[in-house]
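Open the model in your viewer and set it to cartoon. The tour below goes stop by stop, with something to select at each one.

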Amino acid sequence: MTVAEAASVSIAAKSVSVSLGETQALDSVSFETRPGELVGLIGPNGAGKSTLLRVLAGLLRPDSGAVFLGDIPLGQMNVGERARRVAFMPQRDQAHPFTALEMVLMGRYAHLGRFELEGRRDRRIAREAMARTETSMFENRQLDRLSGGERQRVVLARALAQQSEVILLDEPSSSLDLRRRLSMMETLRYEIEARGVAAVVALHDISLAGRYCDRLALLSEGTMVVDGRPIEVLTPEHLRCVFGVEASVSLDPLTGCPQVWLIGPSH
C-alpha cells in the first residue's frame, strides 16, 4: 500500500487471525474501509463478524496480522487516542443505573482532559445525538428502566456523540422494530455523509444490508468469502454456499438495491 492509499483508508485489517480457545475465529482476514463508506459484515452465526469488529476496535489482540488506522498500527495507540478515533457499539450493552443522558455523555470522555468535566458544548453534542436517535425523551430515565431496543438507540447516540472518524456497530438493529431499523440505518447514513466518517456494521438482515451499505463483506467460518458491492455479494450462489438457503435475488424497482427472497433451506 502506498502512502497516498494508506492516507485514504480509515481502518484496515491485514491478514488477521484470532483463536478463541480451540476455535479459529478469524483466519488470515484482510479488510479495509474508507472515509464516507458504510460496509456491512454479513454471515451466519459464528462466522467471525463480532470478533472482527472487536479486533478493529482494539478490544481483542489478534494472534497474527495487524490493524491500521490510516498508516498507524492500532497497537501503537494509547487507549485515549484510540477512543477519540474509533467508536464501538456492542451487540448488547448492560442495563446500567445511569440516566440516558449520562450514558451518551460518556461518548465525550475521550475528548476531555484528565479530571475535566463535560461542558456546555459536550452536552449540546450529546443532546443532538439523542435527537437524531429519537431518544431525547429518555434523557432523565435510567437505562435499566428502558427496553432493550430503547437502550440500543441510547448506545447508538453515545457512539454518535463520540464524533470519531470510524464507527463500528455490532448488530445495532437486533432489538429494534421495523420502523426503528430503517430509522437507525438512515441516521447512520446521514452521519457518514455529513461528517465523512467510515462505518462498519454487522447485520443479520441481509436485505437491510443490501439497501444501505456501499459494500458487503461476507464471512464464513472465520474466512472472508467475498467483499464487494451488494449486488456482487448477495447472489443465490453465495447465499446457498454460506447460509445454506435457496434464494432469489432481484433489484428493487423503488430503491435499485438487491432484494433477497428466501425460498427455503438448500439440500
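**Stop 1: the cavity.** About 70 Å³ of space lies in the largest cavity. The model is predicted. The count of cavities of 30 Å³ or more comes to one.

Select R132, T133, E134, R153, L156, L176, R180, S183, M184 and T187, and show them as sticks: these residues line the largest cavity. What is the mix of nonpolar, polar and charged residues in this lining? Three are nonpolar, three polar and four charged.

Now color by helix. Both α6 (148-161) and α7 (178-195) supply at least two residues each to the lining of the largest cavity. Which element gives the most to that lining? It is α7, with four residues.

**Stop 2: along α7.** Select α7 and put a distance between its end C-alpha atoms. They are 26 Å apart. The helix has 18 residues, and at 1.5 Å a residue it should span 26 Å, so the expected span and the model agree.

Next, pick out the buried residues of α7: M184, M185, T187, L188, R189, E191 and I192. Two of these names should look familiar from the first stop: M184 and T187 also line the largest cavity.

What covers the buried residues of α7? Turn on β3 (38-42), α5 (120-132), α6, β7 (166-170), β8 (198-202) and α8 (206-212), which are included in the cover. Helix α6 thus deserves a second look: it is part of this cover, and it also supplies at least two residues of the cavity lining.

Step off the end of the helix. Just after α7, G196 takes a positive phi of about 70°.

**Stop 3: the open sheet.** Hide the helices and show the strands. In what order do the four strands of the open sheet run? The order is β2-β1-β4-β5, and the pairing is antiparallel. At the edges sit β2 (23-33) and β5 (72-73), each pairing on one side only.

Zoom in on β4 (residues 64-69) and β5. Two bridges join these antiparallel strands. Select F68 and you will find P73 of β5 standing opposite.

**Stop 4: R85.** Select R85, which lies in helix α3 (residues 79-85). Is R85 buried or exposed? R85 has a relative accessible area of 18%, and therefore counts as buried, the cut-off being under 20%.

Now show what R85 touches. Leaving aside its neighbours within four places in sequence, R85 is in contact with L69, I72, M77, S164, E165 and V166. Two of these contacts lead back to the previous stop: L69 falls in β4 (residues 64-69), and I72 falls in the edge strand β5 (72-73).

Conventions
Residues numbered from 1 in each chain as written. Predicted model: local features only at pLDDT ≥ 70, side-chain atom pairs only at ≥ 80, totals over all residues. Heavy atoms only, no water. 1 Å grid on protein atoms, 1.4 Å probe; cavity = no way out; pocket = protein on both sides within 12 Å on 5 of 7 lines; lining within 4 Å. Points joined across faces, edges and corners; volume = space filled by probe spheres on them. Nonpolar A, V, L, I, M, F, W, Y, C, P; charged D, E, K, R; others polar. Expected span 1.5 Å × (residues − 1). Buried < 20%, exposed > 50% of the residue type's maximum accessible area, 1.4 Å probe, protein only. Contact = heavy atoms within 4.5 Å. Pairing = 2+ DSSP bridges.
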